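Me: I would like to go through this model slowly, asking for each label what stands behind it. Please set every value against its definition before you conclude.

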Amino acid sequence: MADVHMEKIVKRYGEVEVIHGVDLQIADGEFAVFVGPSGCGKSTLLRMISGLEEISDGDLFIGGQQMNDVPPAKRGIAMVFQSYALYPHLTARGNLEFGLKLQGVKNSEREQRVQKAAEILQITELLDRRPKDMSGGQRQRVAIGRAIVRDPSVFLFDEPLSNLDAKLRVQMRQELAELHGRLNTTMIYVTHDQVEAMTMADKIVVLQNGYVEQVGSPMDLYHRPRNRFVAGFIGSPGMNFLPATAKGQGQATVKIAGALSLDVPLPQAVEVNGDVAIGIRPEHLKISGEKGNAHTLLGEVSVIERLGAESFAYVRTEAGQVVVKAEGDVAAKIGDVVPVAIDPKLVHVFDNDDVVLTAGTA
């Protein structure tokens with residue numbers, strides 16, 4: 001096992017810089033997830049850790065040892081890719097032991113490692129099958145097993161579940177989390193899916209355009225986003241944003257759509273006077289029966305997504321459209337005019353630079 005430490009990591013392709021001075025510490029045994037939209041640099045950063053991409057500037061340390069110029073095979077890492085990359089002519093056993101053969105590992109030790117990995121991943125009955133005779137989930141388990149048999153200090157996962165169907169992705173998320181619990185090995189996982197990040201990570205690293213926007217636990221990022229990008233990216237559906245004006249210090253009077261007025265708490269030293277954006281999550285809004293309440297916005301329901309235990313109502317208000325998470329059997333239907341209640345304590349306020357001034361507390 002080993003920690004991973006990055007100091008001012010930069011990646012350039014010619015004159016174009018795509019990773020901009022990343023400083024990051026991933027503790028020994030931690031499950032860290034790099035998350036962000038396509039093109040944000042998360043896979044490039046992972047490939048620099050693995051040694052598949054050269055580091056243009058800065059320093060990378062794994063287990064306290066500088067790794068900038070160390071070849072991938074000697075970094076103590078194992079990587080699982082989005083594509084299974086299995087040898088089609090080899091059985092699962094052959095795929096698992098192939099790398100060990102290249103390393104010169106003795107037959108008895110190879111067999112021991114293969115059996116242990118197969119038991120951990122519950123693929124013992126698949127060892128004599130070829131990839132064409134396996135399902136997508138089974139192939140992915142073999143790909144993960146190929147990493148396990150190497151007994152690495154750090155596991156790297158580059159969107160390993162992207163090719164699986166929705167139900168199997170949920171199952172594999174659970175299995176990867178359980179695998180981390182059993183192995184207690186440092187794992188770094190790349191995904192564009194914030195649900196995967198929230199459900200598996202000890203630490204989430206949110207990236208945008210080659211910059212680290214925020215690092216923290218899943219609930220830290222959910223409750224205390226640093227800026228509007230993080231607030232909108234973390235959470236499903238995403239946070240609602242509405243234009244507003246605010247004035248005050250320690251507590252701000254926030255006006256939405258020129259009508260609704262909220263008293264929103266601010267940190268004591270923070271003063272605001274002018275245009276802002278407010279953010280509030282769908283689960284913190286409520287379709288209320290009190291049309292005259294001072295903390296409600298009237299709006300027309302344009303879409304209802306009924307998912308069984310819960311529903312999502314898309315409501316066009318005078319301030320803009322909001323998504324409201326409601327009970328599965330909510331009575332509202334398309335075309336209804338409904339009041340949407342807002343709790344001032346759960347409102348986030350963002351300045352004109354999209355930096356959060358205060359974060360609502362659940």
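Me: Which helices do the buried residues of helix 3 pack against?

Reply: The buried residues of helix 3 pack against helix 2 (92–102), helix 4 (136–148) and helix 5 (166–183), where a contact means heavy atoms within 4.5 Å. This is a predicted model, in which local features need pLDDT of at least 70 and side-chain atom pairs count only at pLDDT 80 or more, while totals for chains, interfaces and linings use all residues. Residues are numbered from 1 along each chain as its sequence is written, and side-chain values use heavy atoms, with hydrogens and water left out.

Me: What makes residues 107–121 helix 3, and how does the reach of helix 3 stand against the expected value?

Reply: Helices are DSSP runs of H or I with at least four residues, strands are runs of E with at least two, and both are numbered from the N terminus. Helix 3 has 15 residues, and the expected span is 1.5 Å times one less than the number of residues. From its first C-alpha to its last helix 3 reaches 21 Å, close to the 21 Å expected.

Me: Which residues of helix 3 are called buried, and why are they said to line one face?

Reply: Buried means under 20% relative accessible area, exposed means over 50%, and partly exposed lies in between (1.4 Å probe, protein chains only). In helix 3 the buried residues are R110, V114, A117, A118, I120 and L121. Seen down the axis of helix 3, these buried residues fall within an arc of 160 degrees, and therefore they line one face of the helix; the arc is that of the directions from the helix axis to the C-beta atoms. The face turned away from the buried side carries the exposed residues S108, Q112, K116 and E119.

Me: What makes E159 buried and D354 partly exposed?

Reply: E159 has a relative accessible area of 13%, so E159 is buried, whereas D354, with 35%, is partly exposed. E159 belongs to the loop between strand 7 (154–158) and helix 5, and its phi is near 45 degrees, a positive value in a residue other than glycine. D354 also has a positive phi, of about 70 degrees, although it is not a glycine, and D354 lies in the loop between strand 20 (348–350) and strand 21 (356–358).

Me: What makes a space in this model a pocket, and what lines the largest pocket?

Reply: On a 1 Å grid over the protein atoms alone, a pocket is an open set of points with protein on both sides within 12 Å along at least five of seven lines, and lining residues have an atom within 4 Å of a point. The largest pocket has a volume of about 530 Å³ and is lined by 23 residues, of which A78, M79, F81, R146 and R150 lie nearest its centre. Helix 2 gives the largest share of this lining, six residues.

Me: How much space lies in the second largest pocket, and which element gives the largest share of its lining?

Reply: About 250 Å³ of space lies in the second largest pocket. Of the 13 residues that line the second largest pocket, K116, I148, V149, D151 and L183 are the closest to its centre, and the largest share of the lining, six residues, comes from helix 3.

Note on methods:
1 Å grid on protein atoms, 1.4 Å probe; cavity = no way out; pocket = protein on both sides within 12 Å on 5 of 7 lines; lining within 4 Å. Points joined across faces, edges and corners; volume = space filled by probe spheres on them.
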